[in-house]
Amino acid sequence: MEKAKLNSLIKRVMTSLVLIPLVIWCLFAGYPFVQILALAVGALLSWEWAQMVPSVRGAFWAVLYTLGMAISVFMGPSLPYFIFLAFGIVLAWIKAKGEARRNLLVLGLPYVSIGVGSIMWLYELVGFGVTFWFMLVVWSVDIGGFVVGCSLKGPKLAPKISPNKTWSGLLGGMLFSVCIGNLFCWYVGAGAHMLYYGALAAVLAIVSQIGDLVESKIKRSLNLKDSSSLIPGHGGVFDRIDGMIFSAPFVYILFRFILVIL
C-alpha cells in the first residue's frame with residue numbers, strides 16, 4: 001500500500017476509534033441520545049450540502065435542510081411529514097430560481113431528510129440489534145473496499161466518477177461486509193440466520209457503493225474532493241456516511257414491507 005494511502009488509513013482508524021464507540025453508545029442508550037445524535041449529524045450534513053452547492057442564500061438552504069431533517073426524525077414516515085416534504089420541495093424550487101445549481105439545491109432537502117430520517121425509522125422499527133448490524137455492514141464495505149482496493153488495485157469501477165474505486169475494492173467490501181455481518185449474527189446468537197443476513201449484507205454492500213458513487217458524482221460536478229474538512233482522514237460527514245444515508249431508505253423499506261425481522 002502506498003505511504004500516502006497508509007497514512008490516510010491510519011487517520012481513518014484513529015478517527016473511527018473515537019466516533020464509532022460514541023455512535024454505538026447512543027444507539028444502545030436509546031432516547032433521547034439517539035435522537036440527539038441523528039439531529040447533530042443531520043445538521044452537519046445540512047450545512048455541508050448548503051456550503052457545497054454555490055448559491056446566494058446559503059443560510060436559507062442550511063436552515064431548510066435542517067428543518068426538513070428534524071421533522072423526519074420527530075414525525076417519522078408519516079403523512080404530515082411527506083406533505084411537508086412536498087411543500088418544502090416546491091418552496092426550494094421557487095427559491096432556487098436563477099441559481100446555477102438549482103437541481104442540486106432542491107435535491108438537498110429530500111436527500112438529507114429522507115437519508116437521516118430513514119436511519120431513525122429503521123431504529124424505531126427493528127431496535128438496536130438490526131440497526132447496529134446495518135451500520136456494521138456499511139462500515140465494513142468502506143473498510144474492506146479501501147484496504148482491498150488499495151492493495152490489489154486492478155480495473156476501475158467507475159473511472160469517470162471516482163477514479164480510485166476498483167472492482168477489487170467492491171468485491172473486497174462485499175466479502176468483508178458479509179463476514180463481519182455474519183460474525184455479529186453468530187455473536188448475538190442468530191447463527192441460524194447467517195445465510196439470510198449474509199445475502200442481505202451482499203446486496204446492501206452494492207447499494208452502499210452506489211450511494212458512494214452518487215456522492216462522488218455530485219462532488220465531481222462541483223469540482224470538490226471532499227464535502228468539508230470536519231473529520232480527519234475522512235473529509236466531511238457526508239463523505240463518511242454517504243453510503244449509509246443512501247442505503248438506509250432501501251433497508252427500511254425492506255424490513256417494513258418485505259423481509260422478516262429474525
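Does tryptophan 186 count as buried or exposed, and what relative accessibility places it there? In this predicted model, tryptophan 186 has a relative accessibility of 56% and therefore counts as exposed, since the cut-off for that class is over 50%. Tryptophan 186 belongs to helix H6, which covers residues 167-187, and together with Leu183, Tyr187 and Val188 it forms a nonpolar patch on the surface whose accessible area comes to about 530 Å². In soluble globular proteins, nonpolar side chains tend to be buried together.

The setting for this patch is a protein chain with eight helices and two strands, which follow one another along the sequence in the pattern α-α-α-α-α-β-β-α-α-α. The C-alpha trace spans about 50 × 40 × 30 Å along its principal axes, and the radius of gyration of 18 Å agrees with the value near 18 Å that a compact globule of 262 residues would have. Half of the picture is interior, in that 50% of the 262 residues count as buried, while the chain exposes about 12,800 Å², of which carbon and sulfur atoms supply 73%. Among the contacts with a separation of 6 or more, 73% are made by residues 24 or more positions apart.

Turning to the interior, the largest nonpolar core has 63 residues, and Trp49, Trp133 and Phe134 are the ones that touch the most other members. Two or more residues of this core come from each of H1, H2, helix H3 (58-75), helix H4 (79-95), helix H5 (102-152), H6, H7 and H8, with H5 giving the largest share, 22 residues. A second, separate core consists of eight residues, including Ala158, Leu170, Ala205 and Leu213. Tryptophan 133, leaving aside residues up to four places away in sequence, touches Gly181, Phe184, Cys185, Tyr197, Leu200, Ala201 and Leu204.

Charged side chains also pair up, and the count comes to four salt bridges. In one of them, the side chains of aspartate 142 and arginine 240 meet at 3.1 Å, N to O; because aspartate 142 lies in helix H5 and arginine 240 in helix H8, the pair ties together parts that are 98 residues apart in sequence. Aspartate 142 is buried at a relative accessible area of 18%, and arginine 240 likewise counts as buried at 15%. Another salt bridge joins lysine 165 to aspartate 212, with the closest N and O atoms 3.3 Å apart, and it links strand S2 (residues 162-166) with helix H7 across 47 residues. Lysine 165 counts as buried at 19% relative accessibility, as does aspartate 212 with a relative accessible area of 12%.

Within helix H7, glutamate 215 and lysine 219 meet in a salt bridge at 3.6 Å, N to O, and because these two residues are four apart in that helix, about one helical turn separates them. Glutamate 215 is buried, with a relative accessible area of 1%, and lysine 219 is buried at 8%. Both residues are linked with Asp239 in a network of salt bridges.

Two features of the backbone remain. Most residues other than glycine have a negative phi, and most peptide bonds are trans. Tyrosine 31 and proline 32, however, are joined by a cis peptide bond with omega about 5°, and proline 32 is found in the loop between helix H1 (3-29) and helix H2 (33-52). Asparagine 223 has a positive phi, near 60°, and is found in the loop between helix H7 (194-221) and helix H8 (237-258), where its 71% relative accessibility means that it counts as exposed.

Note on methods: Residues numbered from 1 in each chain as written. Predicted model: local features only at pLDDT ≥ 70, side-chain atom pairs only at ≥ 80, totals over all residues. Heavy atoms only, no water. Patch = residues over 30% accessible without salt bridge, like charges linked within 9 Å, V, L, I, M, F, W, Y side chains within 5 Å. Areas by Shrake-Rupley, 256 points an atom, 1.4 Å probe, with all protein chains shown as cover. Buried < 20%, exposed > 50% of the residue type's maximum accessible area, 1.4 Å probe, protein only. Rg over C-alpha atoms; globule rule 2.2 N^0.38 Å. Contact = heavy atoms within 4.5 Å. Core = buried A, V, L, I, M, F, W, Y, C linked by side-chain atoms within 4.5 Å.
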